[in-house]
Amino acid sequence: MHFQEMAAADCCKVFLDISTFGELYHIEGQEIPIVFDAEELKVRQNGQDLAVAESSTLFYARTQDLPPCRSPGQSLNVNGRECLIDDWKVDMGMATIVLRENIIG
């Protein structure tokens, strides 16, 4: 087995395993395991706090579980909420997605 194959297997068996780190979320209506990373989000925001009316999320998921890659500014439905994509990167079959959601009243 090659390194990339072993890494992909580890993503499913350990990293995205819902009994370890993963959580099940509905992304565009499909239930998939994802992993949140609040610390990496803080690093990307340079330690800045968000505005009161804004929420941000960074999560990881397997690319094969997600819809096709989307550009910043496009929307993604997460658990029935429309969120705006700030960033969507793919590396070795894993997507890192940063979302923003405006909170209304």
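Student: Why is valine 90 called partly exposed?
Tutor: Its relative accessible area is 48%. Buried needs a value under 20% and exposed a value over 50%, so valine 90, at 48%, falls in between and counts as partly exposed. Keep in mind that this is a predicted model.

Student: Where is valine 90, and what does it touch?
Tutor: Valine 90 is in strand S5. Leaving out residues up to four places away in sequence, valine 90 touches Thr63 and Ala95. Those count as contacts because heavy atoms lie within 4.5 Å.

Student: How far apart are valine 90 and tyrosine 60, in sequence and in space?
Tutor: In sequence they are 30 residues apart, and in space their C-alpha atoms are 9.5 Å apart.

Student: Okay, what about threonine 96: buried or exposed, and how do you know?
Tutor: Threonine 96 has 14% relative accessibility. The cut-off for buried is under 20%, so threonine 96 counts as buried. Threonine 96 lies in strand S6. Not counting residues up to four places away in sequence, threonine 96 touches Arg44, Leu58, Phe59, Tyr60, Asp87, Trp88 and Lys89.

Student: Phe59 is on that list. What makes phenylalanine 59 buried?
Tutor: Phenylalanine 59 has just 1% relative accessibility. That is under the 20% cut-off, so phenylalanine 59 is buried. For the whole protein chain, 30% of the 105 residues count as buried.

Student: Now the rings. How many aromatic pairs are there?
Tutor: The structure holds 2 aromatic pairs. One of them is tyrosine 25 with phenylalanine 36, with 5.0 Å from centre to centre and 75° between the planes.

Student: Why is the pair of tyrosine 25 and phenylalanine 36 called edge-to-face?
Tutor: Two checks. Ring centres have to lie within 6.5 Å to pair, and here they are 5.0 Å apart. Then the angle: planes over 60 degrees apart count as edge-to-face. At 75°, this pair is therefore edge-to-face. The pair links distant parts of the chain, with tyrosine 25 in strand S1 and phenylalanine 36 in strand S2, 11 residues apart.

Student: And what makes phenylalanine 36 and phenylalanine 59 a pair?
Tutor: The ring centres of phenylalanine 36 and phenylalanine 59 are 6.4 Å apart, which is within the 6.5 Å cut-off. Their planes are at 70°, and that is over 60 degrees, so this pair is edge-to-face too. Phenylalanine 36 lies in strand S2 and phenylalanine 59 in strand S3, so the pair ties together parts 23 residues apart in sequence. Put the ring pairs together and you get a cluster of Tyr25, Phe36 and Phe59.

Student: Is phenylalanine 36 buried or exposed, or what else would you call it?
Tutor: Partly exposed, with a relative accessible area of 30%. Since 30% is neither under 20% nor over 50%, phenylalanine 36 gets the in-between label.

Student: How do you know that S1 and S2 pair?
Tutor: Two strands pair if there are at least two bridges between them. Strand S1 (residues 23-27) and strand S2 (residues 30-36) have 5 bridges, so they pass, and they pair in the antiparallel sense. Among the partners, tyrosine 25 is bridged to isoleucine 32 in S2, and leucine 24 stands opposite proline 33 in S2. S1 and S2 form a hairpin with 2 residues between them.

Student: What is noteworthy about phi in the turn of that hairpin?
Tutor: Glutamate 28 in the turn has a positive phi of about 50°. Most residues other than glycine have a negative phi. Asparagine 79 also has a positive phi, near 50°, and asparagine 79 lies in the loop between strand S4 and strand S5. Methionine 92 has a positive phi near 50° as well; methionine 92 is in the loop between S5 and strand S6.

Student: Why are asparagine 79 and methionine 92 called partly exposed?
Tutor: Asparagine 79 has 34% relative accessibility and methionine 92 has 42%. Both values lie between the 20% and 50% cut-offs, so both residues count as partly exposed.

Terms used. Residues numbered from 1 in each chain as written. Predicted model: local features only at pLDDT ≥ 70, side-chain atom pairs only at ≥ 80, totals over all residues. Heavy atoms only, no water. Helix = DSSP H or I, 4+ residues; strand = E, 2+ residues; numbered from the N terminus. Buried < 20%, exposed > 50% of the residue type's maximum accessible area, 1.4 Å probe, protein only. Phe/Tyr/Trp six-rings, centres within 6.5 Å; stacked < 30°, edge-to-face > 60°.
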